[in-house]
Amino acid sequence: MLELNWEGKSAAKKIVANIPFKILTLDEQISCGDKNSGNIIAQGDNLEVLKSLLPLYRGRVKCVYIDPPYNTGAAFENYSDNFPHSDWLSMMYPRLELLRDFLSDDGAIFISIDDNEQAYLKVVCDEIFGRNNFVATVIWERAYAPVNLKKHFSPSHDYIICYAKNFPNLICNGLTRSAEANSRYKNPDNDPRGTWTSSDLSVGPVIEDKIYEITTPSGRKIMPPSGYCWRLDKETFQKYVDDNRIWFGDNGNNVPRIKRFLSEVKQTVTPMTIWKYTEVGHSQDATKALKEIFDGQAVFTYPKPVDLIKRCFELYTDKNAIVLDSFAGSGTTAHAVINLNAEDGGNRKFILIEEKDYCKTITAERVRRVGGEFNFYRLGEKLIDAGKINSSLSFEDLAKFIWYGATGMPYLGRSDSALLGEYDGAAIYLLYGNNNDTLTKTIFSKLPHHDGEKIIYGSACRLSKYFLNEHKIIFRKLPKSLNMN
Ligand SMILES: C[S@@+](CC[C@H](N)C(=O)[O-])C[C@H]1O[C@@H](n2cnc3c(N)ncnc32)[C@H](O)[C@@H]1O
């Protein structure tokens, strides 16, 4: 396999395994609206936050959009964008690995980037996501006028690289046909099938059977142009005429054309790879729109336009999808989700991660101002410290990690009893808190019953090997058994 190498790559490949799981603590003051909205804004380094969210969301995210620092060498007002080239790649590598694990099998990731790193990023993505999962590189026209101070070219586009988790499973929704596209359909002959447009009846290269003379209603005789034939054979053409599907013009004297009814065309449009600012907005639009949300104050440099990110989600999310942005900046991704849900009655959820303190004052504040509901989390202490489970961890939170460690799957249960659930025929139990974390005969007798194998997590076990075998119990000692990598 062709691979990009850089100084520090082998270390970057080991990072994910060594990042500790941390507790995400809810900040109710900043959280907004319904506690069960399912939307999350988390402040912290995305490497750590992603790792800590993985037990809950592995394989459940339908669409990731990220807009990492482009490594332009600029020091932006809000965040730094100046890494040595190899450091930038080492920064991205483990994060992309984690993001891949969040994606569902029919999911997709979009990554905004410019020429500073796009070629390198593409090769790294080929390695992480698989070259056969490459979907497209979109060119977004981000500027509408040249900067004349530039000596050579004035860059007017960014790239958005798109990969599937598993390409054969990725389904593109297409883009909704615009009102403008529909307005090109007219009904000059009052056809009861509704509005239509017409397309050329001639086509190349020549197929001999499809060259024949057509007589128009006005009596004019017409042959296909030289080097062309008709699109339909003679018999099919006659059927089309009988069904009023051929248009000879208002006076019946024109070269015939095929009528295409709006009711019969696909209601969605396949996206092209150039996204013009007239369709999805440009950079200045985005800055202006954000300023308006913050009462005329310029709070963030270079946000993306809402419609740009909305288009990514329009293409690859269903109405109940979870989307994730781990470089959230001013929170455009949440805004795009809110707008898309409002348009199509969807119930998509968002997870945003931003490390800077403005996560509260800009990211969360913007989402609040545009009507979003969310729980706000901060990265807390390590789940396991000095060989002990962090005492501030609730039963509910530990249950998520236990389940993930045992099954590799996110925990979707209720965690309202020691029996967390069944997986592959085995019941998984957690003994934790209230001095109930030691497995004894009395404790065992009080556990909800399960006939088959029982995997019980706890801090100590006072049962004999014989008893364990007899009752099909596998005891896993905490915290040693909490292996979640
Ligand atoms: C280019 S901006 C994203 C802008 C965003 N798309 C918008 O429309 O506002 C990149 C953001 O990623 C954040 N960021 C960079 N490294 C990060 C990390 N390791 N963890 C979390 N956020 C990070 C930066 O602070 C910055 O806000």
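**Note on the ligand shell, the cores and one sheet**

1. The ligand is surrounded by 17 residues, each counted if its C-beta atom, placed from the backbone, lies within 6 Å of the ligand. The closest are Asp67, Phe327, Gly329, Ser330 and Thr332. The shell holds 6 nonpolar, 5 polar and 6 charged residues. Here Ala, Val, Leu, Ile, Met, Phe, Trp, Tyr, Cys and Pro count as nonpolar, Asp, Glu, Lys and Arg as charged, and the others, Gly among them, as polar.

2. This is a predicted model: local features need pLDDT of at least 70, side-chain atom pairs count only at pLDDT 80 or more, and totals for chains, interfaces and linings use all residues. Residues are numbered from 1 along each chain as its sequence is written.

3. The largest nonpolar core has 75 residues. Such a core is a set of buried Ala, Val, Leu, Ile, Met, Phe, Trp, Tyr and Cys residues joined through C-beta atoms within 7 Å; buried means that 20 or more other C-beta atoms lie within 10 Å of the residue's own. Ile41, Cys63, Val64, Phe313 and Val323 have the most contacts inside this core. Helix 3 (residues 85-102) gives the most to it, with 8 residues; helices are DSSP runs of H or I, at least four residues, numbered from the N terminus.

4. Apart from that core lies another of 22 residues, among them Ile402, Leu430, Ile455 and Cys461.

5. An open sheet is formed by 3 strands in the order 10-16-15, with antiparallel pairing. Strands are DSSP runs of E, at least two residues, and two of them pair if DSSP finds at least two bridges between them. Strand 10 (196-200) and strand 15 (246-247) are the edge strands.

Key:
A residue is buried if 20 or more other C-beta atoms lie within 10 Å of its own, exposed if 12 or fewer, and partly exposed in between; C-beta atoms are placed from the backbone.
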